[in-house]
Amino acid sequence: AASLAIGYAVINGDPSKLPYFAASDDGMPDQQQLLEIAERVITACGENELNEDRSECQQLCHSKLCCFESGEYSCEEDESKDCAVYAGCEALVEGIPLEAAEEDEQ
């Protein structure tokens, strides 16, 4: 369910407001690359990875921690931060393994 929501947000986001990790011939961002980043984050921040080694999750999420802040330090509404792509970082911030969070939703 979380992957579907991330995919929807990545694909249906306003391309003019997404950072340009890569551009196609028409200058638009590479949506496939954003989806691959989201998948990397989910994998790196999964329960098994967090229990064994948090370093990759921390590295991927470091610049996106503002997505999980509240108040004046939050960047959750800033579409240029691609918070939906980094939704998997919540497990690192909240200390909730992704698999456990998905089980609670069902």
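Student: In this predicted model, where is Asp 82 found?
Tutor: The model is a predicted one, and its helices are numbered from the N terminus. Asp 82 lies outside those helices, in the stretch that links two of them. Its place is the loop between helix 4 and helix 5.

Student: Does Asp 82 count as buried or exposed, and at what relative accessibility?
Tutor: A residue is called buried when its relative accessible area is under 20%. Asp 82 falls under that cut-off and therefore counts as buried, at a relative accessibility of 5%.

Student: What is the phi of Asp 82?
Tutor: Most residues other than glycine have a negative phi. Asp 82, a residue other than glycine, has a positive value instead. Its phi is near 55 degrees.

Student: Val 85 is found in the loop between helix 4 and helix 5; is Val 85 buried or exposed?
Tutor: The relative accessibility of Val 85 is 3%, and the cut-off for a buried residue is under 20%. Because its value is 3%, Val 85 counts as buried.

Student: How many Å apart in space are Val 85 and Ile 37, C-alpha to C-alpha?
Tutor: Along the sequence, 48 residues separate Val 85 from Ile 37. In space, the distance from C-alpha to C-alpha is 6.9 Å.

Student: Which residues touch the most other members of the largest nonpolar core, and which element gives that core its largest share?
Tutor: This core has 15 residues, and those touching the most other members are Val 41, Cys 57, Cys 61, Val 85 and Tyr 86. Two or more residues are given to this core by each of helix 2 (31-44), helix 4 and helix 5. The largest share, five residues, comes from helix 2.

Student: Is Glu 69 buried, exposed or partly exposed?
Tutor: Glu 69 is placed in the loop between helix 4 (55-61) and helix 5 (90-94). Partly exposed residues lie between the buried limit of 20% and the exposed limit of 50%. With a relative accessible area of 42%, Glu 69 is therefore partly exposed.

Student: What distance separates the C-alpha atoms of Glu 69 and Val 93?
Tutor: Glu 69 and Val 93 stand 24 residues apart along the chain. Their C-alpha atoms are separated by 9.5 Å.

Student: How many helices and strands are in the chain, and what percentage of its residues count as buried?
Tutor: The chain has six helices and zero strands, and read along the sequence it follows the pattern α-α-α-α-α-α. Of its 106 residues, the part that counts as buried is 27%.

Methods: Residues numbered from 1 in each chain as written. Predicted model: local features only at pLDDT ≥ 70, side-chain atom pairs only at ≥ 80, totals over all residues. Heavy atoms only, no water. Helix = DSSP H or I, 4+ residues; strand = E, 2+ residues; numbered from the N terminus. Buried < 20%, exposed > 50% of the residue type's maximum accessible area, 1.4 Å probe, protein only. Core = buried A, V, L, I, M, F, W, Y, C linked by side-chain atoms within 4.5 Å.
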